[in-house]
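This report describes selected strands and helices of one protein model. The sequence and structure are shown first, and the description follows.

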Amino acid sequence: MHRRVAFLTGIAVALAVAATGVAAYVTLRVSLFNALDTELIDTASSVAFPVAQDIRNIGGLTGQALRAGNVSVAVIRSDGAVYYVPDERVHLVLGAEELSIARLQQGASARTGRTGDGQEYRIVAVPITELGNYALVLGRPLQPTKDILSSLWVVLIIFGVSGVVVAAAAGATVARSSLRPVRTLTRAVEHVTETDDLAPIAVTGDDELSRLAEAFNLMLRSLASSRERQRQLIADAGHELRTPLTSLRTNIELLVADADSGMLKAVDRAEILRDVSAQLVEFTTLIGDLVQLARDDSVAPSPEPIDLRTVVTAALDRVRRRGPGLRFDVELNPLYVIGEADTLERAITNLLDNAVKWSPPGGTIRVQLDGDRLRVADQGPGIDDADLPYVFDRFFRSEKARNTPGTGLGLSIVAQTIARHGGWVKAGHSAQGGAEFTIRLPGSTTFEGLTDHEPSLD
């Protein structure tokens with residue numbers, strides 16, 4: 001890119017210099033010829049009267065006088081007859097333009113012609129109105145004018161080439177300076193590729209390249225955060241999976257040993273099988289939660305208008321079967337959101353399952369949807385203030401929950417799902433002394449109001 005910028009700069013300057021040089025050359029050439037023509041016509045007009053007085057001798061002009069004035073004079077008659085100064089050594093070669101002036105007796109002509117010995121002259125002709133059928137022709141050598149134009153051409157070439165070289169050097173310098181952030185960014189990318197070190201690069205300035213570097217740093221931070229979350233998920237998942245796997249392996253080994261020895265009683269064997277079944281259920285739930293948490297957010301979601309009351313009702317129908325002795329106090333007011341019904345239902349189900357898990361027998365679970373808030377409250381032991389900041393962390397288990405069933409992932413799934421829908425979830429204390437979870441989702445209390453919200457998920 002550095003060489004390309006320098007090359008393109010040189011080409012652009014070369015074209016500009018060439019266009020300017022050609023324009024200057026043409027302009028000066030036209031100006032010089034116009035000035036020469038005007039001077040010759042004025043001179044011819046002033047000489048025409050004395051020549052008319054003595055047309056045979058062309059006004060008494062001599063070759064010496066013409067050489068002193070650096071001009072050549074001739075007279076042409078309308079019938080084509082040409083008269084020259086007697087002792088003039090160089091004669092103009094006249095043509096149809098001069099003959100036309102002699103015949104028409106009006107206007108003036110100017111052209112580039114030659115003399116008898118081949119020299120280029122600028123030739124003009126004016127009518128001799130006193131005689132009526134003659135024209136005076138005056139010529140001057142073009143060599144001085146051509147010398148001026150040649151000198152100009154040389155100057156333009158020298159300065160044009162110098163300008164192109166200077167411009168190319170300046171372009172290379174500017175390109176080197178301007179592309180320094182790009183080179184820095186390139187080295188950073190190569191460093192990341194070679195070392196897998198996601199260290200950000202230093203950013204200076206406020207131009208487009210600086211913003212590109214900032215975007216690159218933001219990408220590195222995102223990758224580092226994603227890598228850390230992945231590492232933490234793998235570590236936590238390995239720790240959580242180890243316990244049920246160890247217990248499951250122990251029980252299966254006991255069953256295998258019993259198949260050979262028959263040492264276990266039928267009651268003990270049935271107890272081990274029930275334990276294995278429960279462990280498999282816990283293991284399956286844990287894997288499902290892990291899959292949900294590890295879901296690739298780059299997969300395009302399919303948001304659609306949703307009546308959140310329908311989603312909450314479906315979650316309640318599922319959870320009521322798990323808490324047959326509990327009472328559900330439900331108040332659902334209209335709230336329409338844009339999102340994914342399945343993932344929202346899973347998140348709300350997790351909150352309700354948590355409430356069922358901690359509610360005492362015969363307790364009441366309060367579910368209220370009002371405005372853009374959904375509140376789920378129970379009458380359980382509640383959440384300790386020290387645990388409130390961590391309840392949505394993956395695999396977090398409070399001291400009260402150490403010996404209870406669960407994976408420690410349900411509330412993490414709730415937080416992740418609600419965040420993807422542009423909302424938030426908070427944990428607190430209910431008025432009945434238990435835990436209360438509040439979900440806020442952007443939406444509208446009327447279906448028509450959804451037109452004010454973009455149908456997208458973060």
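Which residue takes a positive phi in the hairpin of S3 and S4? In that hairpin, which has five residues between the strands, Gly118 takes a positive phi near 90°. The model is predicted, so that local features need pLDDT of at least 70 and side-chain atom pairs count only at pLDDT 80 or more, whereas totals for chains, interfaces and linings use all residues. Residues are numbered from 1 along each chain as its sequence is written, and side-chain values use heavy atoms, with hydrogens and water left out.

**Hairpin strands**

Helices (H or I, at least four residues) and strands (E, at least two) are DSSP runs, numbered from the N terminus. Two strands pair if DSSP finds at least two bridges between them. The table gives three antiparallel pairs.

| Strand pair | Sense | Bridges | A bridge partner pair |
|---|---|---|---|
| S3 (residues 109-114) and S4 (residues 120-128) | antiparallel | six | Arg111 and Ile123 |
| S4 and S5 (residues 134-141) | antiparallel | eight | Ile123 and Gly139 |
| S10 (residues 373-377) and S12 (residues 435-440) | antiparallel | five | Leu374 and Ile439 |

Thr112 stands opposite Arg122 in S4. The side chains of S3 alternate: Ser109, Arg111 and Gly113 point to one face and are buried (under 20% relative accessible area, 1.4 Å probe, protein chains only). Ala110, Thr112 and Arg114 point to the other face and are not buried. S4 is mostly covered, with eight of its nine residues buried. The hairpin of S4 and S5 also has five residues between the strands, and there Gly132 takes a positive phi near 90°.

**The five-stranded sheet**

An open sheet with mixed pairing is formed by five strands in the order S7-S9-S10-S12-S11. Strand S7 (327-332) and strand S11 (424-429) stand at the edges with a single partner strand each, so one side of each is left without a neighbour in the sheet. From one strand to the next, the twist averages 10°.

Two helices are associated with these strands. Helix H8 (residues 308-320) lies across S7, strand S9 (364-370) and S10, and runs at about 175° to S7. Axes are lines fitted to C-alpha atoms, for helices over the stretch in contact, and angles run from 0 to 180 degrees between N-to-C directions. Helix H9 (residues 341-358) packs on the sheet and touches S7, S9, S10 and S12, where contact means heavy atoms within 4.5 Å. The direction of H9 makes about 25° with that of S10.

**Helix H9 and its partner**

H9 has 18 residues and reaches 26 Å from its first C-alpha to its last, close to the 26 Å expected at 1.5 Å a residue; the expected span is 1.5 Å times one less than the number of residues. The buried residues of H9 include Leu344, Ala347, Ile348, Leu351 and Leu352.

The axes of H9 and helix H10 (residues 410-420) come within 9 Å and cross at roughly 140°. That makes H9 oblique to H10, as angles under 35 degrees count as roughly parallel, over 145 as roughly antiparallel, 65 to 115 as roughly perpendicular and the rest as oblique. The contact is made by Thr343, Leu344, Arg346, Ala347, Asn350 and Leu351 of H9 together with Gly410, Leu411, Ile413, Val414, Thr417 and Ile418 of H10.

Key: Buried means under 20% relative accessible area, exposed over 50%, partly exposed in between (1.4 Å probe, protein chains only).
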